[in-house]
Amino acid sequence: MLSPMPHDLPKSYEPGAIEARWAEYWVKEKLFSVPTPGAGETCPVFSLLLPPPNVTGRLHMGHMLNQTQMDIIMRWHRMRGDVTLWLPGTDHAGIATQMMVERQLATEGKKRSELGREQFIQRVWCWKKQYGSAIQEQMRRLGASVDWSREYFTMDDKLSRAVREAFVRLHEEGLIYRGKYIVNWCPRCETAISDLEVKHEEIPGKLYEIRYPVVGTTTGTDEFITVATTRPETMLGDTAIAVNERDERYMHLHGKKVLLPLMNREIPIITDELAQPEFGTGAVKVTPAHDPDDFEAGLRHNLPQIEVMDQHARMNENAGPYAGLDRYAARKRVLEDLQTQGFLVGEKAYTISIGKCDRCGTVVEPRLSTQWFIKIQPLADRAIEVVEKDYIRFTPANYRQIYLNWMRNIHDWCISRQLWWGHRIPAWHCACGEIVVARETPSSCAKCGSSELKQDPDVLDTWFSSGLLPFTALGWPEATRDLEVFYPTSLLITGFDILFFWVARMIMLGCWFMAPPHKPGADGRDARPSTSDDENLGGRASRPFALTDEELRDSVPFREVYIHALVRDAERQKMSKTKGNVLDPIQVIEKYGTDATRFTLAAMSSPGTDIAFNESRTEGYRAFANKIWNAARFMFMNVDRIGSCGGDTLVRAAADPASGFSGFAASTLEDRWILSRFNSVAKSVNESLASYRFDEAANSIYDFFWGEFCDWYIELVKPRLAPEAEQNARTACANLVALFEASLRLLHPVMPFITDEIWHAIYDGKPPRKSLALAAYPQANEAQIDRNAETQMAILQDLVVSVRNLRAELKVETKVKVPVEIYATEPEIRALIEQNLGAVERLGNVEKVTFAERSLSNLPGARHTARFDVHVIYEKKIDVAAERERLKKELEKMDKETANLQKQLENEQFLAKAPTQVIQNMRRRVRELEILRGKAGGQLGELGLQGI
Ligand SMILES: [Zn+2]
Ligand SMILES: [Zn+2]
């Protein structure tokens, strides 16, 4: 044997080997690196920011779906000739990463505090170096066509500078302030967390009723006010009791005081809307340092804020005898003491809503602390306007309203976190009380000149830096060409879970920093606000730059947002570690290949519908890949036999990106048909992808490639490829190759690996481009759509399928050819069948076709359609004895049923009661049985004759 041709594909399809090789090749060849287009270039641009995975991340099914959808869209745009940038990066994920390293330290018996800040941060960098690129490796394996040359990390110097710049500018504009507020505090993570990072749970708990004695009542008798609470330990920090002004029960107590039990502290009775007469006793305790509503009430009444817990949720020195106790131990002691002293008057079961830290599951404690905040207006208003004006469009469309509702009820955003890992807040504290916010570390205090400045210990919420990414990752605050070309990005594909965390923040920050005056290089306007008149800066914040519609439209971080659905298990259950139904995408890939896994996710994703991931589907799509593989082998076998028949036409095809494909000489009906079908499918696939109908796109390609191309076209074209066909064979083979090549291009975005493998083989390893990923995506050529050919082929297919079905019913053995009789309703149909007699005979396994002059409608066992009747002429060769036995049993069964029915139909009582419909049905069944018995009897009679 000669050495195999480069297009000699291995006999069996092994995705593992193919995929690893191509994944490496694409990265090594830097196929998806996008040089920034020069100033004169005006190519269409498509850009997408990869939602940066956490540095601690591992690929899960949700990522896999997200990755698949993004990669399909990006490959599609790239093949359509757009300058396509898919920008990858990783998020430093402050709280998650810090926890990971803390856990690692714990295994060495060490604590973060023992290391100190500097050393701890060093440890995190080491950890990142060692483990931080797992998800990028997984992405490479998936074939993600990102531009690795532009990969960023959110803690890179460049991005860190941009974060600092954004903070300082917002501060200069009066949009960042520092203040004491009630925050959600995680006593384990020892940091403030945002509302979004708190998971709420309903649990059975207790509501305690405590009575507070009123001081100095006029009647001289003891009087009490009773309040109810689920957190009795917080009473130690009470600074008032509130009643409603309208509440007649308490009118005589306005202006009086109560004695706070256990603490023996007199606190005022105030009137405030916080107390609702309809609820409970109508009186409430006020603990400004431990409850957000009480905090507000405290400000209204100028109440002291007494903190009774420390950062670990342990009682502090303000909690008197309870100091040092954990919050739950304190609760127990407080209740015991209240009981003993006669202040606890009630206790009832009560469903309480508790908030838990999203990261560690610890119950969050509302805590008074000093934090940095972003003043949400006018940022939020602008972010609402761009969506209202449809400058950003959501798919599925219902997310638009969800987004708007949330934005219209948004509060100021607490952006400081008491962590060590993250972007440290660029603010320095001086002993004189001055706080200096600056881009560079200041050397001295602006107020007192002291050089003893301490940087604020807090870091920024991770979502602050990731909210800036659409522009900082492209070079902001510099006026880069990348920003000019790729911003606004075209699309964002992400999950619902980070709509508020991330999508909303990107819109707010993008529309602020990428609009004048912040937009770099904004024509003639100051890129940076003047710092000469500090007094006016606060004023500037409330009067934002008036933007033109165009400026507003171009400030958005992305033009479109596609929110992908959830991947659930095969039973439609949410995947969760506790249920143990989490599917690891890498395992699925190892079993069926990346192509089949991608195809499954694509074929199941329609906007807004969760995916019930079923491995049997993946198995099916692996079989699809296998089908393509075998079809390719069949093609190459013919190419080898006939001699090179594809090369010339293919080079032409590759040079003609505009049309579906060329180099295809349509000489027969099946050629015209498949050419037409290809173009129709290309048209619908392009339309489906444009509207994120990944399911429609994948299913159309599947039906075409397997159902039409492999099952019909290849079968139809076989005789033309036969050795005796000679000259015909060259054309037929060239057609086959051209069609195959174009179909690979059509499929490539969904199954990039197998398609690139076969595509390279088609060109014998000398392809016109480095990868199929860089070839042109098929666009429909309307001129090649031939409805007439599609109709004619549909009739022939219908005919063949009818014959096949009749054969199956008659249990004709596969090898046996049968004669058929056909009646065509129109002369043209008869002509069509006659012209394609060979195909009908071969595909239907037909021996001889005769045409009837009249309808076969009264012939039992014939198939009728509007265009033809067909009948298979077949003498059953059967086991006479067995068949006779079967028929006898059938007859007995029918006799029995008839007898039963008749007995009932003769029963007067039954007839009187039964609904007419039931009786009618029974009578009909009796008549049916009569006919069936007649037929079976006749058959039995015939068999009897044969048996003799
Ligand atoms: Zn926590
Ligand atoms: Zn100072």
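Cys 445 has a relative accessibility of 3% and therefore counts as buried, a term for residues under 20% relative accessible area. This is a predicted model, in which local features need pLDDT of at least 70. Residues are numbered from 1 along each chain as its sequence is written.

Cys 445 is one of the protein donors of the zinc ion (ligand 2), together with Cys 430, Cys 432 and Cys 448; each binds through SG, at 2.2 to 2.3 Å from the ion. A donor here is an N, O or S atom within 2.8 Å of the metal (3.2 Å for Na, K and Ca). Along the chain these donors follow the spacing C-x1-C-x12-C-x2-C. Cys 430 sits in strand β18 (residues 427–430) and Cys 445 in the loop between β19 (435–437) and β20 (453–455), so the pair ties together parts 15 residues apart in sequence. Strands are DSSP runs of E with at least two residues, and helices are runs of H or I with at least four. Cys 430, at 7% relative accessibility, also counts as buried.

The zinc site is tetrahedral, with angles of 102 to 112° among its four donor atoms; for four donors, that label requires all angles to lie between 85 and 135 degrees. The ideal angle for four tetrahedral donors is 109.5 degrees.

Elsewhere, helix α1 (residues 15–28) packs against helix α24 (residues 752–762) at an angle of about 85°, with axes 9 Å apart. That makes α1 roughly perpendicular to α24, the term for angles of 65 to 115 degrees. Among the residues in contact (heavy atoms within 4.5 Å) are Trp 22 and Trp 26 of α1 and Phe 753 and His 760 of α24.

Technical notes. Chains lettered and ligands numbered in written order. Predicted model: local features only at pLDDT ≥ 70, side-chain atom pairs only at ≥ 80, totals over all residues. Heavy atoms only, no water. Tetrahedral: all angles 85-135°; square planar, octahedral: opposite > 155°, others 65-115°. Buried < 20%, exposed > 50% of the residue type's maximum accessible area, 1.4 Å probe, protein only. Axes fitted to C-alpha atoms, helices over the stretch in contact; angles between N-to-C directions. Parallel < 35°, antiparallel > 145°, perpendicular 65-115°, else oblique.
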